[in-house]
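Let's take a walk through this chain, one group of residues at a time. Have the sequence and the 3D view ready.

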Amino acid sequence: MKIVFLDEYSICNRDLSEIKSLGDYVGYQTTTPDEVIERCKDAEVVISNKVVLDAEIIASLPKLKLICVAATGMNNVDLEAAAERGIEVKNAVGYSTFAVAETTLCSALALLREVTYYDNYFKSGEYAAAERIFNFDRPTAQLRGKRWGIVGMGNIGREVARLAEAFGCEVNYHSTSGVTRDEQYSALSLNELLSTSDIVSVHCPLNERTHNLIANEELKKMKSSAILINVARGGIVNEQDLADALNEGTIRGAALDVFTSEPLRESPLYNLKEPYRLLASPHNAWSSVEAIDRLVECITQNIKQFAAK
């Protein structure tokens, strides 16, 4: 069984020995679109994190039997094309739940406590040169007592809810699928969630229903003291509209770990009037070493289950 991993760099040099032991393994740090077919032409199993496997590529790989997505989201694979050819597609369910949830809480705390601003105030030498002990340039706030609205109550959303409650928040949620389950939290319309929440965090998939889910009109419904956090997918929050909202003070701040294009080359988010209103990271909310090890274990088990059939 030939196994090809198209973007090994995405698992941050973690140990792949167990996967390698399962077959004739070839790994590449990165793979460009025009290299995919040549590299995978003899593969029964292809592992990919962000390399796109579209219908044309899938049709050109007659030996392919299993696609292992080295992530939870499967939007980089044409699932219909795979199903038509009897190709299984397996993702890594739940491996990053705790890491992404912790990043979400960290983002809220960092923005409310103005951590980035005051860290820079200290490291820049301004504090050493100050005449006063305290600095109140940017007022801070606490998390306890806030209303936390969750968009997408899946595994990550539930873990964020648990952590937010532990910090003394009241939690509500909005279901982007329209399916209301038996949850311990109140289900609200998106408009009500946005208008009543102090923190809004996004944990839903990107699809036709959620593309530009939060744009200009939705941002205007939020409190001027509110924080928006998107650790789900770029495209759910309109970046231009968010930049405008931050510049105009429509909302207090935002934290983003995902973007419409990654890496993000040019964006109004790079030129905010008050850059401390935005906390941004390069799509690594999921990337704790513990989460990556669980990811590798998920891939391993998916291949083992396929081989055992």
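What follows goes from salt bridges to helix residues, a surface patch and the cysteines.

First, some ground rules: this is a predicted model, where local features need pLDDT of at least 70 and side-chain atom pairs count only at pLDDT 80 or more, while totals for chains, interfaces and linings use all residues. Residues are numbered from 1 along each chain as its sequence is written, and side-chain values use heavy atoms, with hydrogens and water left out.

Start with the charged pairs. Taking a salt bridge as a side-chain nitrogen of Lys or Arg within 4 Å of a carboxyl oxygen of Asp or Glu, the count comes to 16. A good place to look is Glu-114, whose side chain meets that of Arg-138 in a salt bridge at 3.0 Å, N to O. Glu-114 sits in the loop between H5 and helix H6 (115-123) and Arg-138 in the loop between H7 and strand S6 (147-151), so this pair ties together parts that are 24 residues apart in sequence. (Helices, H or I with at least four residues, and strands, E with at least two, are DSSP runs numbered from the N terminus.) Glu-114 also forms a salt bridge with Arg-252, at 3.4 Å, N to O. Here the link is between distant parts of the chain, 138 residues apart, as Arg-252 lies in the loop between helix H11 (239-248) and S11.

How accessible is Glu-114? At 8% relative accessibility, Glu-114 counts as buried; the cut-offs are under 20% relative accessible area for buried, over 50% for exposed and partly exposed in between, with a 1.4 Å probe and protein chains only. Arg-138 is buried as well. Zoom out a little and you find Glu-114, Arg-138, Arg-252, Glu-274 and Arg-277 linked in a network of salt bridges.

Another pair is Glu-170 and Arg-147, with their closest N and O atoms 2.8 Å apart. Glu-170 is in strand S7 (residues 170-174) and Arg-147 in strand S6, so the bridge joins parts 23 residues apart in sequence. Glu-170 is partly exposed at 40%, and Arg-147 is partly exposed at 25%.

Now for two helix residues. Ser-107, in helix H5 (residues 97-112), is buried at 8%. Setting aside neighbours within four places in sequence, Ser-107 is in contact (heavy atoms within 4.5 Å) with Ile-229, Ala-255 and Leu-279. Over in helix H8 (residues 155-166), Glu-159 is buried at 12%. With the same kind of neighbours left out, Glu-159 touches Thr-97, Phe-98 and Ala-101.

On the surface, Phe-122, Tyr-127, Ile-133, Phe-134 and Phe-136 form a nonpolar patch with about 650 Å² of accessible area together. Such areas come from the Shrake-Rupley method with a 1.4 Å probe, counting only the protein chains shown as cover for residues. Patch members have over 30% relative accessible area and no salt bridge; nonpolar side chains (Val, Leu, Ile, Met, Phe, Trp, Tyr) are joined within 5 Å, like charges within 9 Å. Tyr-127, from helix H7 (residues 126-129), is partly exposed at 35%.

Finally, the cysteines. With a disulfide defined as a pair of cysteine sulfur atoms within 2.5 Å, the count is zero. Why does Cys-40 have no bond? Its closest cysteine sulfur, in Cys-68, is 12 Å away, which is too far. Cys-106 is in a similar position, with 15 Å to the closest cysteine sulfur, in Cys-169. Cys-40 is buried at 1%, whereas Cys-106 is partly exposed at 48%.
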